[in-house]
Amino acid sequence: MAHLLGAERLHLEFPTRTVFDEVTLGIDEGDRVGVVGRNGDGKSTLLKLLAGRIEPDGGRVTQRRGIRIGMLDQADVVDPGRTVAEAVVGGIEEHVWAGDAKVRDVIAGLLADVPWQAQIASLSGGQRRRVGLASLLVGDWDVVFLDEPTNHLDVEGIAWLAGHLKARWAANAGALVVVTHDRWFLDEVCTVTWEVHDGIVEPFEGGYAAYVLQRVERDRMAAASEAKRQNLMRKELAWLRRGAPARTSKPKFRIEAANQLIENEPPLRNPVELSRLAVSRLGKDVVDLLDVGVVYDHKTVLHELEWRIAPGERTGILGVNGAGKSTLLGLVTGAVAPTTGRVKRGKTVKIATLSQELAELTEWADQRVSAVVAEQRTSYAIGEGSKAVELTPGQLLERLGFTSAQLSTPVKNLSGGQKRRLQLLLILLQEPNVLILDEPTNDLDTDMLAAIEDLLDSWPGTLLVVSHDRYLIERVTDRQLAIIDGHLRDLPRGVEQYLELRKGVDAARAAAGLDTRPAAPGATRPAAAPALGGAERRTAEKELSSIDRKLERLQAEIAEQHEKLARHDQSDYVGLGSLGDELARLEASVADLETRWLEVSENLEG
């Protein structure tokens, strides 16, 4: 592979510390590099050095003659006075850019909900960010630097971006360097991982899973002071190696080495034990949503929804922006009253929410971290019985990545990631038995995400998670639900099934003339199909609700059938065959019902 860009003995100092010292790197054609590391260690600074945005204090960056470099910053750099069309395609004639498959793909993938002629100043922060990413991706570059490109993208958007970048670099001789905390994205896209730490950049072969294995091997031979970090990464490796739900392939690292490193590592969590503890703390009743519907301004947000939340349930909730995820959480917490149906709560339920706004920390802005925590509790128990561990608030803070020096820091001076960790700690110290996490990964690096996930693995309450972080959803929850067109759908196959359902819904809408993608200047859309009449619509809605209930019952039967297969005498081939046939019948019924669900949804949208 031809060499594109290199760094020789880079040295960079800020007034208070040395950021990089004697760093030497190279980028070749075909490289797809993921950059990871703790917040503040210099990941974004490294990209700016390599892209020529800042000059090093020592060493140099070399580039092949005539190389074209494109970069997406974390900051919003799109001119607010321009329109979306001007920012993305500039002055290029419509017939020219409309004939470019790459440009059409980028616009459809990133700007489906953004008005094509809208002023940039009128857009939300997330929309402006996507316009900036789209304007970069429509260009032709030899090296592309992306700094947190998955911010403000939902699960579908992240999956689209991963597929786009893989396809683009499969047919392109250029290179990609991306800083992101999205571990699924790293594993899906990157062929090389750079870890930025302690003033150096350490390269690893492969994506996130392979990086975790190599890091565990490295830490195993490190000093005893690294024991805690090593054990945490071993747990991360154990989860990756034993197979996460909804992952399309096993991590591409050496299987024998991985098995040897995790042979004494117990399962991440014992669902039976945690369920027992949850029942003892919660009682049998948590929150039941019974035929609940919510209507805002004559628009139905949630329709005939039924969800009985169980003690110890760990559920991830998926849905596009505006689908009703916040409304659903509001029903659970009591912040939203149902328009129809009713919500039943258990007497022992104590709900806490990790919100996106960090509002819980406002009253303690001027206090030191140690003082804030000391006001809550003197100790915190993790686990139960002989395995229970008592931690002081200081030990819990250390487990969440706070140093001794940071304990005396005023809350208002903490970084975004530190505030997020402190917010979670204060909530846990209140000992809720139902915990709602609303986009908990904001401002957190990969190490801190692993630490928080490790903490949640031993937490025995009911956990509800709303997040666009696919890795987190698969890591800390055992069940996934989706809100699609106001209905709650169970996802036995997890995020992959959700993406398939969304593609089906989008295809149905497009066929009915309801495609919401931005129209090109002067373009027209096909007329929408006539809407169903009142009686027909009610019939279709009842059928959709009936299908949802049937799917839920079938999924329970499939789970029971799997248990029967596991318990059955493995030498009884006739019995195993009969059980297998019944399982196949149930799964075929689910597939037929899902197809019918899409057909009915299409008719309702017509």
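Below, a biologist asks a modeller about cavities and one sheet in a predicted model.

Biologist: What are the ground rules for this model?
Modeller: This is a predicted model, where local features need pLDDT of at least 70 and side-chain atom pairs count only at pLDDT 80 or more, while totals for chains, interfaces and linings use all residues. Residues are numbered from 1 along each chain as its sequence is written, and side-chain values use heavy atoms, with hydrogens and water left out.

Biologist: How many cavities of 30 Å³ or more are there?
Modeller: A cavity is a set of points, on a 1 Å grid over the protein atoms alone, where a 1.4 Å probe fits but cannot get out. Grid points are joined across faces, edges and corners, and a volume is the space filled by probe spheres set on the points. By this rule the count is four.

Biologist: Which helix gives the largest share of the lining of the largest cavity?
Modeller: The largest cavity holds about 80 Å³ and has 13 lining residues, that is, residues with an atom within 4 Å of a point. Helices are DSSP runs of H or I with at least four residues, strands are runs of E with at least two, and both are numbered from the N terminus. Helix H15 (416-429) and helix H16 (446-457) are the elements that give two or more residues to this lining. The largest share, four residues, comes from H16.

Biologist: How many residues in the lining of the second largest cavity are charged?
Modeller: Asp, Glu, Lys and Arg count as charged; Ala, Val, Leu, Ile, Met, Phe, Trp, Tyr, Cys and Pro as nonpolar; the others, Gly among them, as polar. The lining of this cavity, of about 50 Å³, includes Asp154 and Lys325. By class it has six nonpolar and three polar residues, and the number of charged ones is two.

Biologist: Which strands stand at the edges of the six-stranded sheet?
Modeller: Strands pair if DSSP finds at least two bridges between them. The open sheet has mixed pairing and the order S5-S6-S7-S3-S8-S9. Each edge strand has a single partner, so one side of each is left without a neighbour in the sheet; these are S5 (69-72) and S9 (200-205).

Biologist: Which residue in the turn between S8 and S9 has a positive phi?
Modeller: Strand S8 (192-197) runs antiparallel to S9, joined by six bridges. Val196 stands opposite Val201, and Glu195 opposite Glu202. The two strands form a hairpin with two residues between them, and the one with a positive phi, about 50 degrees, is Asp198.

Definitions and conventions
1 Å grid on protein atoms, 1.4 Å probe; cavity = no way out; pocket = protein on both sides within 12 Å on 5 of 7 lines; lining within 4 Å.
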